[in-house]
Amino acid sequence: MRQYVVEVAAEVLGKLAAEEIPVPLRRVAKFRPQSRARQGAVPIAAQLERDADFRARVTAPLREGQPELVAALEAGEPPAAADPVRLAALAYLLRPEGWASYVETARAELERSLKAAHEAEAARTVAELREQLAEARATRGGELDKLRGELKDARGEIADLRRKLHEERRRTREASERLAELERGRGAEREEHLAALGGLEKELRTLRAKLVSAETALEAGRKAAREGRSLADVRLRLLLDTLVDAAQGVRRELNLPSVISKPADHVSGAEAAPAVPAGRSLSEQDAQQFNELLTVPQVHLIVDGYNVTKTGYGELPLADQRSRLVNGLGGLYSQTQAEITVVFDGASLDGPVAVQAPRGVRVLFSRPGQIADELIAELVRAEPPGRPFVVVSSDQEVAASARRAGGRTATATLLLKRLGRF
């Protein structure tokens, strides 16, 4: 019955469209028709069992070819002369109510037929033996005794072989049980080893994490100590250089003689105005004053990068904005020799950004979790009192913070106009 069902399904499978073929049988559908049922029997039978749609497609040709038998089967009144095997196969595919009984009936019928065939074969054999025995008795009485002896020996040999077979089966069963017990013991031991190894690996990862944390903390402490010492030294040296350069600039500006006059000669004199007045932001019309600020000795120009680029050319990609601004600041340095630091917001970047900065231009990105305004505030706080600096940003908070620290501020448009001269 199973072979018949598979053959019918294999024949229908070769006629289905590609989209109608179930996914598990698409490979089987490519087999040759004469070998499809033989090589794809297992997946075809499995798909028939669980896929009602596929069974319906397989039964469609049967409905067309045997409509009367299909109708009788679905009505529960199959013909009495119908082949029970074909009837059971058709019931398996159509799945009418009580279809399993047809399959059981076919099985019982096959067993009955097989038993009857065996009985008929046995009866025929017995008849033949009886004829041979009668013939042997009639012609060769002594040979009958010999045959009986051989039969007895054969039966004894068969019994001995059966006893040996039973013993071998018992030994095989005992060996299989011992092997299964050994495998269970080895599996439990392996699980214990794996659990111990997992615990050791977890402890090792914990120790490594603690070691990395300790090394990071130690390096951070060392770096903080070095930066604390070096920052104070740099601020003091920079302030001293600023005062010296400012004094020399004032001396050249006032054309003072090299001989120092007596203090009493200038008792009634007024104090000179400071070189870099603070407290006011330069507007877009203060281009001349902005240029003069850039020529003050030791002046530090701090630029809010994206604030300037998005004011001037925000339609460009960020990389092109950075490149254009940094190159322009390089030209500004070559004219003024001012210290220039441009700050970009790096909080949203996935990693370090490679920037080819020209000579005299320092490019900084804010750290993760930090915005550019905070890094600019750090740069302002790092400046020693008295050292002139200018912060370029149109952000009112950034400008106000720089003015409170004693610096001057300029708008992004003012810097863009200055860079536009290059």
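Which residue does the side chain of Glu11 meet in a salt bridge?

## Glu11 and its partner

It's Lys15: the two side chains pair up in a salt bridge, with N and O 3.8 Å apart. That fits the cut-off used here, which is a Lys or Arg side-chain nitrogen within 4 Å of a carboxyl oxygen of Asp or Glu. Glu11 and Lys15 are both exposed.

Keep in mind that this is a predicted model. Going by the same rule, the tally is 13 salt bridges. As for the chemistry, oppositely charged side chains can pair when their charged atoms come close.

## A pair in helix 8

Next up is Glu128, which makes a salt bridge with Arg124; the closest N and O atoms sit 2.5 Å apart. Both belong to helix 8 (residues 99-139), and because they are 4 residues apart there, about one helical turn separates them.

How exposed are these two? Glu128 counts as partly exposed at 34% relative accessibility, and Arg124 is partly exposed too, with a relative accessible area of 39%.

## A pair and a network in helix 9

Helix 9 (residues 141-254) holds Arg171 and Glu167, set 4 residues apart, or about one turn of the helix. Their side chains meet in a salt bridge, at 3.5 Å from N to O.

Arg171 is partly exposed at 47% relative accessibility, while Glu167 is partly exposed with a relative accessible area of 25%. The story doesn't stop with this pair: salt bridges with shared partners link Glu167, Glu168, Arg170, Arg171 and Glu174 into one network.

Notes:
Residues are numbered from 1 along each chain as its sequence is written. This is a predicted model: local features need pLDDT of at least 70, side-chain atom pairs count only at pLDDT 80 or more; totals for chains, interfaces and linings use all residues. Side-chain values use heavy atoms; hydrogens and water are left out. Buried means under 20% relative accessible area, exposed over 50%, partly exposed in between (1.4 Å probe, protein chains only). Helices (H or I, at least four residues) and strands (E, at least two) are DSSP runs, numbered from the N terminus.
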